[in-house]
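Visitor: I have a structure open and want a quick tour. Can you walk me through it?

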Amino acid sequence: MSAQIFNEGATQERAENARLSNIIGAIAVGDLVKSTLGPKGMDKILQSASARGDDGLVVTNDGATILKSIPLDNAAAKVLVNISKVQDDEVGDGTTSVCVLAAEILRQAEQLLDQRIHPQTIIDGFRLATASARSALEKSAVSHKDDEALWREDLLSIARTTLSSKVLAADKVKFAEICVDAVLRLKGSTNLDRIQIIKKAGGKVSDSYLSDGFILNKKIGVNQPKKISGAKILVANTPMDTDKVKVFGARVKVSDTAQLAELERAEREKMKAKVQKIAALGINVFVNRQLIYNWPEQLFADAGIMAIEHADFDGVERLALVTGGEIASAFDSPELIKLGSCETVEEIIIGEDRMVKFGGVSAGQACTIVLRGGTGQMLDEAERSIHDALAVLSQTVAEPRIVYGGGCSEMLMSKAVDEAAKLVPGKKSIAMEAFARALRQMPTILADNAGLDSADLVAKLRAAHYDGKSTSGLDLFEGGVIDVVGKVTESFKLKRQVLLSASEAAEMILRVDDIIRCAPRQRRN
């Protein structure tokens, strides 16, 4: 008889039950997203119960977006969601691959547990397998950073591979050029804040383009210059309405209309003095986070200053970053204010909307990708696709090694693990062979999603690798095994992160032998 040590309502799952519950939960998450993997992967519709209309509707095949949008109760499933988020933050792509690989490793582990192999023995085998796979991956990685033409071709190939599984696959050549040009402007930086993405419904996706400089989705004030060369820019976050008494509960009593007019005059004079302080800084463009009312707008027009109001906070932060200025809110000490600069500021029209373009900004790396498309969902998914490609490319610039995709790297690692397992005595070698089978499941899933005969294709791919053709991979469009050099290229950092994150998550889930759920909080009437 066991003593009751938990609060009433708390539950405990132990040993085999706990392990099985975790593994089933993780495999369910892997099965949920694995149909989105690869260039022939399918999309998911995520619909919110609370939001109405198009607000709660998301159409995507991005693993991280799917997993963070669905409510989960299983603890192991949440671990897989977390590794997907980390993958998204670290590299930007491979969010589906990391979940699917972790689920496949656990599927193999479940069969080993059924054979009465201890979880710690399985974990030791998986660790040896991970080390062998990582070593094989590092040996297969190549870098062409010294040859500029080959290096650019590698980046274009990585971008095309990333975009081929997204909604932009039909125009992947054009968007690969856009993404590579944008990332190379960063000159080695991984700060993607300097690349702005503007979404404008209308036209078709292929109408999208890369624009130099920075585009602000706002209009220029009335009667103000529409184009300025040699711009000196003040980016501010200050109230530009008529100054009022801002004391809570304060009341001003007047006895006649003359006193009221005098009060209004004093307010106008105060605002005029503020505008004169701003104009005295020698600027010709004023961008404010808050509204600019009619009176100060007229004063700016008289001074020949272009004034832009109500720029969103993200917009002013980015504008300050790319023009080299700082956001100011007080103007009494001009020596402390840092102005931004650019060559031209002009009004442009995209679709039917007027916007402001800052060209020739002092941070020459800045650029804007203008996305066009028929629906809001299409534009949102296109933005996610572009973000993934930009993130992978920026990480590849920092870590220039590349590996080959199309199941090539997974089969290479699987072969290395199989060969290492032959030299390991005891039950650990069985766990290593299981890990190799899990790696081989990745090209199998890619082929299944493309509607091809996966058993035949993966067997041919395995035979090619054992025959010494270590750059063989799957061609999912023609349905065959090809040499993927220059055709399907992936970032080494992405593949390494997928391998390590998936194996660590599988290890962590296998270590668990007890799940204790606390009693639900009692609600009072």
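Guide: We'll take the sheets, then a helix, a surface patch and the salt bridges. Bear in mind that this is a predicted model.

Visitor: Fine. What is the strand order in the open sheet of three strands?

Guide: The order is β4-β12-β5, and the pairing is mixed. β4 and β5 (209–212) are the edge strands, each pairing on one side only. From one strand to the next, the twist averages 25°.

Visitor: Do tell me about β4. How many of its residues are buried?

Guide: Five of the seven. Strand β4 covers residues 195–201 and is mostly covered.

Visitor: And in which sense do β4 and β12 pair, parallel or antiparallel?

Guide: Parallel, over seven bridges. β12 spans residues 367–373. To find your place, look for Lys200, which stands opposite Arg372 in β12.

Visitor: Which helix lies across those two strands?

Guide: Helix α11, residues 376–398, lies across β4 and β12. The angle between α11 and β4 is about 160°.

Visitor: Next sheet. What is the order of the six strands?

Guide: β6-β11-β10-β7-β8-β9. This sheet is also open, with mixed pairing.

Visitor: Why do β6 and β9 each have one side without a neighbour in the sheet?

Guide: β6 (214–216) and β9 stand at the edges with a single partner strand each, so one side of each stays free of a sheet neighbour. The twist here averages 35° from one strand to the next.

Visitor: How many bridges join β10 to β11?

Guide: Eight. β10 (residues 340–350) and β11 (residues 353–361) run antiparallel. One bridge pair to look at is Ile348 with Met355 in β11.

Visitor: Switching to helices. Which residues of α9 are buried?

Guide: Trp295, Pro296, Glu297, Leu299, Phe300 and Ala301 are the buried ones in α9, which runs over residues 294–302. Those residues pack against α8, β8 (285–288) and β9 (306–308).

Visitor: What follows α9?

Guide: Gly304 follows, with a positive phi near 75°.

Visitor: Now the surface. Which residues make the nonpolar patch?

Guide: Val252, Val254, Leu260 and Leu263 make a patch of about 310 Å². Val252 sits in the loop between β7 (227–236) and α8 (257–279).

Visitor: Charges, then. How many salt bridges are there in the whole structure?

Guide: A search finds 25. Take Arg127 and Glu507, whose side chains meet at 3.1 Å, N to O. This pair links distant parts of the chain, 380 residues apart. Arg127 is in helix α5 (residues 119–140), and Glu507 is in helix α15 (residues 492–511).

Visitor: Is Glu507 buried or exposed?

Guide: Buried. The cut-off for buried is under 20% relative accessible area, and Glu507 has 10%. Its partner Arg127 is partly exposed at 44%.

Visitor: Give me another. Where do Glu177 and Arg152 lie?

Guide: Their side chains meet in a salt bridge at 2.9 Å, N to O. Glu177 is in helix α7 (residues 172–185) and Arg152 in helix α6 (residues 148–163), so the bridge ties together parts 25 residues apart in sequence. Glu177 is partly exposed at 31% relative accessible area. Arg152 is partly exposed too, at 27%.

Visitor: One last pair. What about Asp467 and Lys469?

Guide: Their side chains also form a salt bridge, at 3.9 Å, N to O. Asp467 is exposed at 55%, while Lys469 counts as partly exposed at 48%.

Visitor: And which residues do shared salt-bridge partners join into one network?

Guide: Asp31, Lys34, Glu104 and Arg107.

How values were computed
Residues numbered from 1 in each chain as written. Predicted model: local features only at pLDDT ≥ 70, side-chain atom pairs only at ≥ 80, totals over all residues. Heavy atoms only, no water. Buried < 20%, exposed > 50% of the residue type's maximum accessible area, 1.4 Å probe, protein only. Helix = DSSP H or I, 4+ residues; strand = E, 2+ residues; numbered from the N terminus. Pairing = 2+ DSSP bridges. Axes fitted to C-alpha atoms, helices over the stretch in contact; angles between N-to-C directions. Contact = heavy atoms within 4.5 Å. Patch = residues over 30% accessible without salt bridge, like charges linked within 9 Å, V, L, I, M, F, W, Y side chains within 5 Å. Areas by Shrake-Rupley, 256 points an atom, 1.4 Å probe, with all protein chains shown as cover. Salt bridge = Lys/Arg side-chain N within 4 Å of Asp/Glu carboxyl O.
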